[in-house]
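Reader: I'd love a close look at one single part of this model. Could you walk me through one side chain and the helix it packs against?

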Amino acid sequence: MKGKVFILEDDLSICGLVKVALEMNGLEFKAFNTLRSFTEGLLCERPDVVLLDIMLPDGSGLDALKHIKSRYPEISCIMLSALSKEEDKVNGLNMGADDYIAKPFSVLELTARVNARLRGKNKQCVLSAGGITLDTETFECSADGKPVALNRKEFELLKYMLLNSGKVLPREKILTEVWGYDAGETRTLDNHVSRLRKLGINIETVFGVGYKL
């Protein structure tokens, strides 16, 4: 099973054990030791699953959880924490975590839970709305049954809009989520939307705000 996993954990020994276990299962793996480096890493690439320690040197893994669920809801989050009381687990799950594993944990159990999340994601790799179908595994797209060729950013833009289908998305938020920066100049976004429309994808302009698929 293929997949990419990020871990936010300041204990290097735990990172090393998890790295060996996941890579033996054919998974890509990247470790981050601080909240800042982790959020910066998310701007460059998106994992399928993240493992989040709660107690960090520069913040809390719960802050990372809120950041992910507000901006990248498709990413599965598993909390890893020495906080093992029932109320700690309930709090993490209520904040949006998909799973919660108390330390110390079995590496075999952790690997099994990561694989379970990946199986669930693989079943949902095809996004569709309004006659548009997007396969996030094969990078294939079609509109009303006709193939549509997209470049990388067009694909990411359309994926984000499909994940938020029916919602009005402000221009600034789209720029932050897809391009990774805040900017007052939205010409780049407008040009990409114009290109998608020419390819037969119906994107509505909400004047003074942004766009809606």
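Author: Happy to! In this predicted model, His192 touches Lys153, Glu154, Leu157 and Trp179, leaving aside residues up to four places away in sequence. His192 itself is part of helix H8. Its relative accessibility is 16%, and because buried means under 20%, His192 counts as buried. There is a polar partner to look at as well: a polar atom of the His192 side chain lies 2.9 Å from the backbone oxygen of Thr188.

Now follow the contact with Trp179 into helix H7, which spans residues 171-179. Trp179 is one of the buried residues of H7, and the others are Arg171, Ile174, Leu175, Thr176, Glu177 and Val178. With seven of its nine residues buried, H7 is largely enclosed by the rest of the structure, which is why you will find it wrapped by other elements. What covers those buried residues includes four pieces you can pick out along the chain: helix H3 (61-71), helix H6 (152-163), helix H8 (187-198) and strand S12 (169-170). Strands S13 (204-206) and S14 (210-212) are also among the covering elements. So H8, the helix that holds His192, is itself part of the cover over H7, and the contact between His192 and Trp179 is a handy place to start when you rotate the view.

Just past the end of H7, have a look at Gly180: this residue follows the helix and has a positive phi, near 85 degrees.

How values were computed. Residues numbered from 1 in each chain as written. Predicted model: local features only at pLDDT ≥ 70, side-chain atom pairs only at ≥ 80, totals over all residues. Heavy atoms only, no water. Buried < 20%, exposed > 50% of the residue type's maximum accessible area, 1.4 Å probe, protein only. Helix = DSSP H or I, 4+ residues; strand = E, 2+ residues; numbered from the N terminus. Contact = heavy atoms within 4.5 Å. Polar contact = N/O pair within 3.5 Å; in protein donor to acceptor, adjacent residues only side chain to side chain.
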